[in-house]
Amino acid sequence: MTTRIAIVLFNLGGPDSLDAVRPFLFNLFNDPAIIGLPAIARTPLAWLISKRREKKAQGIYALMGGRSPILPNTEAQAKALMQALASETGAEFRAFIAMRYWHPFTAATVKDVKDFAPDQIVLLPLYPQFSTTTTQSSYRLWMKEAAAQGLTAPTRLVCCWPTEPGFIAAAAAQIDAGLAQARHAAPAAKPLVILSAHGLPKKIVDAGDPYVTQVEASAAEIVLQLGLAKDDWIISYQSRVGPLEWVGPATDAVIEQAAKDGRALVVFPIAFVSEHSETLVELDIEYRHLAEHNHAPAYIRVPTVGTHPAFIAGLAGLVRQALAQEGSVQPGSGQHVCGAASGCACRVGAA
């Protein structure tokens, strides 16, 4: 008898038109994992922030053709994952996408999964490193919607996979190609690999969020595979907004200083697996301009892992691992990569 398995890919989503920018921003800032205020205060604040940021954000998405590419990129990853799992016997796999802040919304995806009538569900976040603001937020909403719609199939969450070998191999291969480009473009300059992750307010990390620790774990494995010396790479954090103190160092500050030091810059988005505004605009346009303004000998932005064969094979392995193990929440590496006191779902549960 064939077992029906639904694989749900979690991602944040992005506006599919300029008109969708403001409601997308509202959904983002109205998430209690992003702004931890009671709804009575959070909702009007989210409305105000989205109104104030609408025009600037529309300008960013206009540079990408008027929409975010994150959904088609995720669809390509889902298709590749299904091809990687096609040889499995005794199982029928179907991939679904659940975006947190724009279509396809979680509620609609829960309905589609329920219509599929799966025997088992694997929730696979496309966030390599766990954070309460990404994986946990998506998981909590999924479980809430599943309960509301009566979706009762056994469900496993792959909570985090910062050191998954396929992800690491794909990242290292992409960066190695970027290093070759930098050496060709500026043979006399010493390259610096900048592993740029999306930033997070420091207070969230101080409260136990393991995101920074897991970014560091990813970086350690990547540089080990590349054989980089200590002064040839650095972790940095981008996309900070608002008055709060964010984790650092900031990517723009690192780029500015390294450019002034005469380093050839090789920038890899270590926490993103598909292209979107933070890569196509912030890294490709804004930070490139910053590097050139400060006379960097070279600025190479390394693509995300996307549908790299090693990465997709790694995702397929995570699915198989989740199905083979017991328990609803699984660390994707097969072992815990976060401290016992952290907020990671594989330690404390995400419900």
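In which helix does Ala-180 lie? In this predicted model, Ala-180 belongs to helix H6, the helix that gives the most residues to the largest nonpolar core, with eight. Two open sheets are described below: one of five strands in the order E2-E1-E3-E4-E9, and one of four strands in the order E6-E5-E7-E8. The pairing is parallel in the five-strand sheet and parallel in the four-strand sheet.

**The five-strand sheet**

- The strands follow the order E2-E1-E3-E4-E9, and they pair in the parallel sense. Strands E2 and E9 (329–331) form the edges, each pairing on one side only. From one strand to the next, the twist averages 25 degrees.
- Strand E1 (residues 3–11) is largely enclosed by the rest of the structure, because seven of its nine residues are buried.
- Nine bridges link E1 with strand E2 (residues 91–99), in the parallel sense. Within this pairing, Ala-95 in E2 is the bridge partner of Ile-7.
- E1 also runs parallel to strand E3 (residues 120–125), and six bridges join the two. Here Leu-9 stands opposite Leu-124 in E3.
- Strand E4 (residues 155–160) runs parallel to E9, to which three bridges join it. Cys-160 stands opposite Pro-331 in E9.

**Helices on the five-strand sheet**

- Helix H3 (residues 70–84) lies across E1, E2 and E3. The direction of H3 makes about 165 degrees with that of E2.
- Helix H11 (residues 309–324) lies across E1, E2, E3, E4 and E9. Relative to E3, H11 runs at about 135 degrees.

**The four-strand sheet and helix H6**

- The order of this open sheet is E6-E5-E7-E8, again with parallel pairing. Its edge strands are E6 (233–238) and E8 (299–301), each of which pairs on one side only. The twist from one strand to the next averages 25 degrees.
- Three bridges connect strand E7 (residues 264–269) with E8 in the parallel sense. Ile-300 in E8 is the bridge partner of Val-266.
- H6 packs on this sheet and touches strand E5 (191–198), E7 and E8. The directions of H6 and E7 make an angle of about 160 degrees.
- Is Ala-180 of H6 buried or partly exposed? Ala-180 has a relative accessible area of 43%, which lies between the limits of 20% for buried and 50% for exposed, so this residue is partly exposed.
- Eleven residues separate Ala-180 from Pro-191 in sequence, and their C-alpha atoms are 9.6 Å apart in space.

**Nonpolar cores**

- In soluble globular proteins, nonpolar side chains tend to be buried together.
- The largest nonpolar core in this model holds 58 residues, of which Ile-7, Leu-124 and Ile-175 touch the most other members. Helix H6 (residues 165–185) gives the most to this core, with eight residues.
- Which residues does Leu-124 contact beyond its neighbours within four places in sequence? The contacts of Leu-124 are Ile-7, Val-8, Leu-9, Phe-10, Leu-81, Val-158, Trp-161, Leu-315, Leu-318 and Val-319.
- Apart from the largest core lies another, of 21 residues, which include Ala-146, Leu-151, Ala-153 and Cys-160.

**The second largest pocket**

- The second largest pocket contains about 290 Å³ of space. Its lining comprises 16 residues, of which Asn-30, Asp-31, Pro-32, Arg-100 and Leu-141 lie nearest the centre.
- Two helices, H1 (21–29) and H5 (132–149), are the elements that give two or more residues to this lining. H5 gives the most, with six residues.

**Thr-106**

- Thr-106 lies in helix H4 (residues 106–116). The relative accessible area of Thr-106 is 5%, which is under the 20% limit, and the residue is therefore buried.
- Not counting residues up to four places away in sequence, Thr-106 touches Ala-98, Met-99, Leu-141, Trp-142 and Glu-145. One of these, Leu-141, is also among the residues nearest the centre of the second largest pocket.

Technical notes: Residues are numbered from 1 along each chain as its sequence is written. This is a predicted model: local features need pLDDT of at least 70, side-chain atom pairs count only at pLDDT 80 or more; totals for chains, interfaces and linings use all residues. Side-chain values use heavy atoms; hydrogens and water are left out. A nonpolar core is a set of buried Ala, Val, Leu, Ile, Met, Phe, Trp, Tyr and Cys residues joined through side-chain atoms within 4.5 Å. Buried means under 20% relative accessible area, exposed over 50%, partly exposed in between (1.4 Å probe, protein chains only). Contact means heavy atoms within 4.5 Å. Two strands pair if DSSP finds at least two bridges between them. Axes are lines fitted to C-alpha atoms, for helices over the stretch in contact, and angles run from 0 to 180 degrees between N-to-C directions. On a 1 Å grid over the protein atoms alone, a cavity is a set of points where a 1.4 Å probe fits but cannot get out, and a pocket is an open set with protein on both sides within 12 Å along at least five of seven lines; lining residues have an atom within 4 Å of a point. Grid points are joined across faces, edges and corners, and a volume is the space filled by probe spheres set on the points.
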